[in-house]
Amino acid sequence: MSMVLVFYFFLYNNKYIQMKVSNAVWKGLKEQIEHFTEQDKEITDITITYQVRPAQNKNYLKLTVKQ
């Protein structure tokens, strides 16, 4: 079964839209993180910005993951 992270955003009209992040996006992100952390052993934190859709008024979701 393919693992897909699904974000649900609640809209002003009480409808849900589904934003799927593909395995290809996660794989590319993982590869970039591994590449840059191998190049620079001093990196301790990574900030990722992912735009799920264009909008005039930005609404941010902040997630924190610790190993």
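Student: Why is Glu 31 called partly exposed in this predicted model?

Tutor: Partly exposed covers the range between buried, under 20% relative accessible area, and exposed, over 50%. Glu 31 has 43% relative accessibility, so it counts as partly exposed.

Student: What makes the pair of Lys 27 and Glu 31 a salt bridge?

Tutor: A salt bridge requires a side-chain nitrogen of Lys or Arg within 4 Å of a carboxyl oxygen of Asp or Glu. In Lys 27 and Glu 31, the closest N and O atoms are 3.5 Å apart, and the pair therefore satisfies the cut-off of 4 Å.

Student: Where do Lys 27 and Glu 31 lie?

Tutor: Both belong to helix α1, which comprises residues 23-39. They are four residues apart, about one turn of the helix.

Student: How many salt bridges does a search of the whole structure find?

Tutor: The search yields two. Besides the pair of Lys 27 and Glu 31, Lys 30 forms a salt bridge with Glu 34.

Student: What makes Lys 30 and Glu 34 a salt bridge?

Tutor: Their closest N and O atoms are 2.6 Å apart, and the criterion is a separation within 4 Å, so the term applies. Lys 30 and Glu 34 are four residues apart in helix α1, which means that about one helical turn separates them. In general, side chains of opposite charge can pair when their charged atoms come close.

Student: Are Lys 30 and Glu 34 buried, exposed or partly exposed?

Tutor: The relative accessible area of Lys 30 is 49%, and because exposed means over 50%, Lys 30 is classed as partly exposed. Glu 34 has a relative accessible area of 33%, so Glu 34 is partly exposed.

Student: Why is Ile 33 not called buried?

Tutor: Buried means under 20% relative accessible area. Ile 33, found in helix α1, has 29% relative accessibility and therefore counts as partly exposed.

Student: Which residues is Ile 33 in contact with, leaving aside its neighbours within four places in sequence?

Tutor: These contacts are with Ile 46 and Ile 48. Ile 46 is 13 residues from Ile 33 along the chain, and their C-alpha atoms are separated by 8.1 Å. Contact refers to heavy atoms within 4.5 Å, so the C-alpha separation is not the quantity that decides it.

Student: What is the setting of helix α1 in the protein as a whole?

Tutor: The secondary structure comprises one helix and two strands, in the order β-β-α from the N terminus. Of the 67 residues, 4% count as buried.

Notes:
Residues numbered from 1 in each chain as written. Predicted model: local features only at pLDDT ≥ 70, side-chain atom pairs only at ≥ 80, totals over all residues. Heavy atoms only, no water. Buried < 20%, exposed > 50% of the residue type's maximum accessible area, 1.4 Å probe, protein only.
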